[in-house]
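Biologist: I would like a close look at a single part of this model, followed outward into its surroundings. Please keep the account plain.

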Amino acid sequence: MGEHWKQRPEGGGRFAIWLIRGIARVGGRWISRLLLYPITLYFLLIRHPERRASAQYLGRVNQRPARWWEVARHIHCFAATILDRVFLLSGQFGKFDLRISGSKELHHEIDKGKGVLLFGSHLGSFEVLRVLSRLRPDVRVRVVMDRGQNAAITHLLEALSPEIAATVIDAAQDGATIALAIKDATDSGALVGLLVDRARPGESLVPVPFLGAPAALPSAPFLIAMMLDVPVVLSFGLYRGGNRYDLHFEPFEIPTKVPRAQRRQALADVQARYAQRMEHYLRFAPYNWFNFYDFWNVDATPSVPFSADGRPAHGADARSIDGGNTA
């Protein structure tokens, strides 16, 4: 488990994902959900690193050794959200029981007209947040996603919803290009969604307390939010079983105009607060944690030191804004 998450291959591949898509479109959601059982069995028997990572995480969140059926339930929950992407990306929201909290606060931030950064994570489903297109059809939504990391998912997205695919900001670009694209989007009043819990090798990290041990979070998304001075809203789309998803939105304050000498500490404080919010929602839905690698192995992703003004040194950039959705 010492390898970095980007070194892990996609589970299944393009053929498997397109097979699921075909069965889902022909047989519907409830018929296709029968596929989740052999998929779960496959991960239990074949994908040993993911199984070990699941057991490690469940041991932390439950504060006791994980049982095999708990690992199976964890994998099944993940597979269910992957399947539901077919329907969510097709705009079939009517198939789901969507319960939303914090929508009033989200509308308030959007109505400021400065654009919004929507901070997500691999906790729950990020795709279910597509419901924002119904909540606020007047607001353009863009998502930062690494097209190359998840080639099968990218092709699925392009096939099911080419109009959504056209709005993706590719996280595989250099950091300056990504930051400028985010700035252009927020300047036009768009809502930009990005996953902020994973970093790429060699990017700046800050270890923060998370489930009783240090875990490293990337600094670039928080630094960009600090520099752009736009509202930030946390989002968690928790899968609750069956067809139910609970969507949570909450404003998240990030200080701006921080003196250079204090910027590093300010970033560390913000990242620690974000880890606390992730842990808070994990307590509601512990099987929604979809980082199937050793999240607490700080050494697996070496940190890049900060310069005196709080910026990553040695050319480190903003590429840790990674919308990759694989385990």
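Which residues does Glu-250 touch, not counting residues up to four places away in sequence?

Modeller: The model is a predicted one. Not counting residues up to four places away in sequence, Glu-250 touches Val-232, Val-233, Leu-234, Arg-277 and Tyr-281. Glu-250 itself lies in strand β9. Its relative accessible area is 16%, and because the limit for buried is under 20%, Glu-250 counts as buried. The C-alpha atoms of Glu-250 and Ser-235 are 6.8 Å apart in space, with the two positions 15 residues apart in sequence numbering.

Strand β9 belongs to an open sheet of 7 strands, in the order β1-β9-β8-β2-β5-β3-β4. The pairing in this sheet is mixed. Its edge strands are β1 (97-101) and β4 (169-170), each of which pairs on one side only. For β1, the link to β9 (residues 244-251) consists of 5 bridges, and the two strands run parallel. Within that pairing, Ser-101 of the sheet has His-248 in β9 as its bridge partner. In general, the strands of a sheet pair through backbone hydrogen bonds, either parallel or antiparallel.

Two salt bridges involve residues of these two strands. On β1 (97-101), the side chains of Asp-97 and Arg-99 meet at 2.8 Å, N to O. Asp-97 is partly exposed at 26% relative accessibility, and Arg-99 is partly exposed too, with a relative accessible area of 41%. On β9 (residues 244-251), Asp-246 meets Arg-240 in a salt bridge of 3.4 Å, N to O. Here the partners fall on opposite sides of the burial limit: Asp-246 is buried, with a relative accessible area of 9%, whereas Arg-240 is partly exposed at 36%.

The structure holds 15 salt bridges. Another of them joins Lys-112 to Glu-109, with the closest N and O atoms 3.0 Å apart. Glu-109 is buried at a relative accessible area of 9%, while Lys-112 is partly exposed at 43%. Arg-64, Arg-67 and Glu-70 are linked in a network of salt bridges.

Further along the sheet order comes β5, which stands between β2 and β3. Strand β5 (residues 191-195) is mostly covered, with 5 of its 5 residues buried. Leu-191, Gly-193 and Leu-195 point one way from the strand, and Val-192 and Leu-194 point the other way. Strand β2 (residues 116-120) is joined to β5 by 5 bridges, and the two run parallel. In this pairing Phe-119 stands opposite Leu-194. Strand β3 (residues 141-145) is joined to β5 by 3 bridges, also with a parallel run. There Val-143 stands opposite Gly-193.

Phe-119 leads on to the nonpolar interior. The largest nonpolar core has 88 residues, and those with the most contacts inside it are Phe-119 and Phe-210. Helix α4 (residues 68-89) gives the most to this core, with 11 residues. Leaving aside neighbours within four places in sequence, Phe-210 is in contact with Ala-215, Ala-275, Met-278, Glu-279, Leu-282, Trp-289, Phe-295 and Trp-296.

After β6 (205-210), the loop that leads to β7 (213-218) contains Leu-211. Most residues other than glycine have a negative phi. Leu-211, although not a glycine, has a positive phi of about 55 degrees. At 8% relative accessibility, Leu-211 counts as buried. Asp-229 likewise has a positive phi, near 55 degrees, and is a residue other than glycine. Asp-229 is found in the loop between α10 (220-228) and β8 (232-239), and is partly exposed, with a relative accessible area of 28%. The strand that follows this loop, β8 (232-239), brings the account back to the starting point, as Val-232, Val-233 and Leu-234 are among the residues that Glu-250 touches.

On the surface, Leu-41, Tyr-42, Leu-45 and Ile-46 make a nonpolar patch of about 390 Å². Leu-41 has its place in helix α2 (residues 36-45) and is partly exposed, with a relative accessible area of 47%.

Key
Residues are numbered from 1 along each chain as its sequence is written. This is a predicted model: local features need pLDDT of at least 70, side-chain atom pairs count only at pLDDT 80 or more; totals for chains, interfaces and linings use all residues. Side-chain values use heavy atoms; hydrogens and water are left out. Patches are made of residues with over 30% relative accessible area and no salt bridge: like charges are joined within 9 Å, nonpolar side chains (Val, Leu, Ile, Met, Phe, Trp, Tyr) within 5 Å. Accessible areas come from the Shrake-Rupley method with a 1.4 Å probe; for residues, only the protein chains shown count as cover. A salt bridge is a side-chain nitrogen of Lys or Arg within 4 Å of a carboxyl oxygen of Asp or Glu. Helices (H or I, at least four residues) and strands (E, at least two) are DSSP runs, numbered from the N terminus. Buried means under 20% relative accessible area, exposed over 50%, partly exposed in between (1.4 Å probe, protein chains only). A nonpolar core is a set of buried Ala, Val, Leu, Ile, Met, Phe, Trp, Tyr and Cys residues joined through side-chain atoms within 4.5 Å. Contact means heavy atoms within 4.5 Å. Two strands pair if DSSP finds at least two bridges between them.
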